[in-house]
Amino acid sequence: MSVKDTRHRTSSLARLRQNTGGELLAEFLGTAVLILLGCGSVAVALAGLPGSGRQIDAFGPGNWLIIVFGWGLAVVFGVYVAGGVSGAHINPAVTLAFAVRRKFSWAKVVPYWIAQLLGAFAGAAVVYAVYADAINAFNAAEGFADRAESVPSFSIFATFPAEYFGGGVWGPLVDQIVGTAILVMLIAALIDSRNMSPQNNFGPWVIGFVVTAIGLSFGTNAGYAINPARDFGPRLLAYFAGWGEAALPGNGDWFSNYWWIPILGPLVGGVVGILIYDLFIGQVLKARETLEGVEGPPAGRVPEPTDATETRRSE
């Protein structure tokens, strides 16, 4: 290869990284980090600790705390990785919501979704490679001769609904809509510089705490996927790794054809969440900014009356 060809190739890669290609790389890696640490925490709680000889007594509900805080920290570091390049959506529901209400380019929506899905699949593949022995030991200890029968080990990668829904669709779907609406509504609040947004270097931690709070308050209903890529990417990996119908179409003893609910529910919920924020808060902040050209008050303050407003009242 000539020097000229090398320079041309380097220049092309630089242009790719400077534009949307760089954003897609960031979304891929940020989502991969999310899944590495998130699914990894589930693997620790379910198969790693019990089979490692490091757990003397069963943790019981304490395992849920490992999972909830694991996912919260996964979000923190996924956002730190990608935030400076792409804004760290690392969630198709966030990307769609920002396209609907934050002037995010519609032309980038599908490419972002693809990058997020591929990143999630790659992250799940690494978790599987690291924990395959622990998963096999867990299934053997629990008496699962066929991996496809082991919904518990499948849950390392993707979600399923609680038994109390009785196989119904509406309960898990509403749960995913509500959970994702809360997530996106709070993200919208935390990144709104007109509101009480944290500083950039602390923002990822607060968003991680949001996910932790959702896991603590809504997680047991349907595993709080609240992210189509987080569920479907690892679900694809689980399907190819031998979990069969438990992964796709998502069948178990008390649920069937579940795969689409953690996709549709979050996409709807994300749009609902950002619309709620804009209706109740965003439009108020905008109105204060544009009122008679007067600068809006500090966050949490009611506007002081001006001469113009006093004149209108007297009229």
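Axes here are lines fitted to C-alpha atoms, for helices over the stretch in contact, and angles run from 0 to 180 degrees between N-to-C directions. The model is predicted.

**Exercise 1. Classify the packing of α9 and α10, and state the handedness of the crossing.**

Solution.
- Step 1: helix α9 covers residues 228-243 and helix α10 covers residues 261-290; their axes come within 8 Å and cross at roughly 165°.
- Step 2: angles over 145 degrees count as roughly antiparallel, so α9 is roughly antiparallel to α10.
- Step 3: the crossing of these two helices, α9 and α10, is left-handed.
- Step 4: on the α9 side, Pro-228, Asp-231, Phe-232 and Arg-235 take part, and they meet Pro-262, Ile-263, Pro-266 and Leu-267 in α10.
- Step 5: by class, the contact of α9 with α10 has six nonpolar and two charged residues, and no polar ones.

**Exercise 2. Find the cis peptide bond and place its proline relative to the helices.**

Solution.
- Step 1: the bond joins Leu-248 and Pro-249, with omega about 10°.
- Step 2: Pro-249 sits in the loop between α9 and α10.

**Exercise 3. Classify the packing of α5 against α9, and list the residues in contact.**

Solution.
- Step 1: the axes of helix α5 (residues 109-141) and α9 come within 8 Å, crossing at roughly 45°.
- Step 2: this angle makes α5 oblique to α9.
- Step 3: the α5/α9 crossing is right-handed.
- Step 4: α5 contributes Gln-116, Leu-117, Ala-120, Phe-121, Ala-124, Ala-125, Tyr-128 and Ile-135, while α9 contributes Ala-229, Phe-232, Gly-233, Pro-234, Leu-236, Leu-237, Phe-240, Ala-241 and Trp-243.
- Step 5: the residues of the contact of α5 with α9 divide into 15 nonpolar, two polar and no charged.

**Exercise 4. Do the same for α4 and α10, with the composition of the contact by class.**

Solution.
- Step 1: the axes of α4 and α10 come within 8 Å and the crossing angle is roughly 45°.
- Step 2: α4 is therefore oblique to α10.
- Step 3: α4 and α10 cross in a right-handed sense.
- Step 4: from α4 the contact takes Pro-92, Ala-93, Leu-96, Ala-97, Phe-98, Val-100 and Arg-101, and from α10 it takes Pro-266, Leu-267, Gly-270, Val-271, Ile-274, Leu-275, Asp-278 and Gln-283.
- Step 5: the contact of α4 with α10 counts 11 nonpolar, two polar and two charged residues.

**Exercise 5. Examine the backbone at Val-44, Gly-53 and Ile-90.**

Solution.
- Step 1: helix α2, residues 20-52, bends at Val-44 by about 50°.
- Step 2: Gly-53 follows α2 and has a positive phi, near 85°.
- Step 3: Ile-90 is a residue other than glycine, yet its phi is also positive, near 40°.
- Step 4: Ile-90 belongs to the loop between α3 (62-86) and α4 (92-101).

**Exercise 6. Decide how far residues 308-315 may be interpreted.**

Solution.
- Step 1: the protein averages a pLDDT of 90, and 88% of the residues score at least 70.
- Step 2: over residues 308-315, pLDDT stays under 50, and the model has five contacts beyond four places in sequence for this stretch.
- Step 3: where pLDDT is low, the predicted coordinates should not be read in detail.

Notes
Residues numbered from 1 in each chain as written. Predicted model: local features only at pLDDT ≥ 70, side-chain atom pairs only at ≥ 80, totals over all residues. Heavy atoms only, no water. pLDDT = per-residue confidence, 0-100. Contact = heavy atoms within 4.5 Å. Bend = angle between axes of the 7 residues up to and from the residue. Helix = DSSP H or I, 4+ residues; strand = E, 2+ residues; numbered from the N terminus. Parallel < 35°, antiparallel > 145°, perpendicular 65-115°, else oblique. Left-handed = near helix turned anticlockwise from the far one by under 90°. Nonpolar A, V, L, I, M, F, W, Y, C, P; charged D, E, K, R; others polar.
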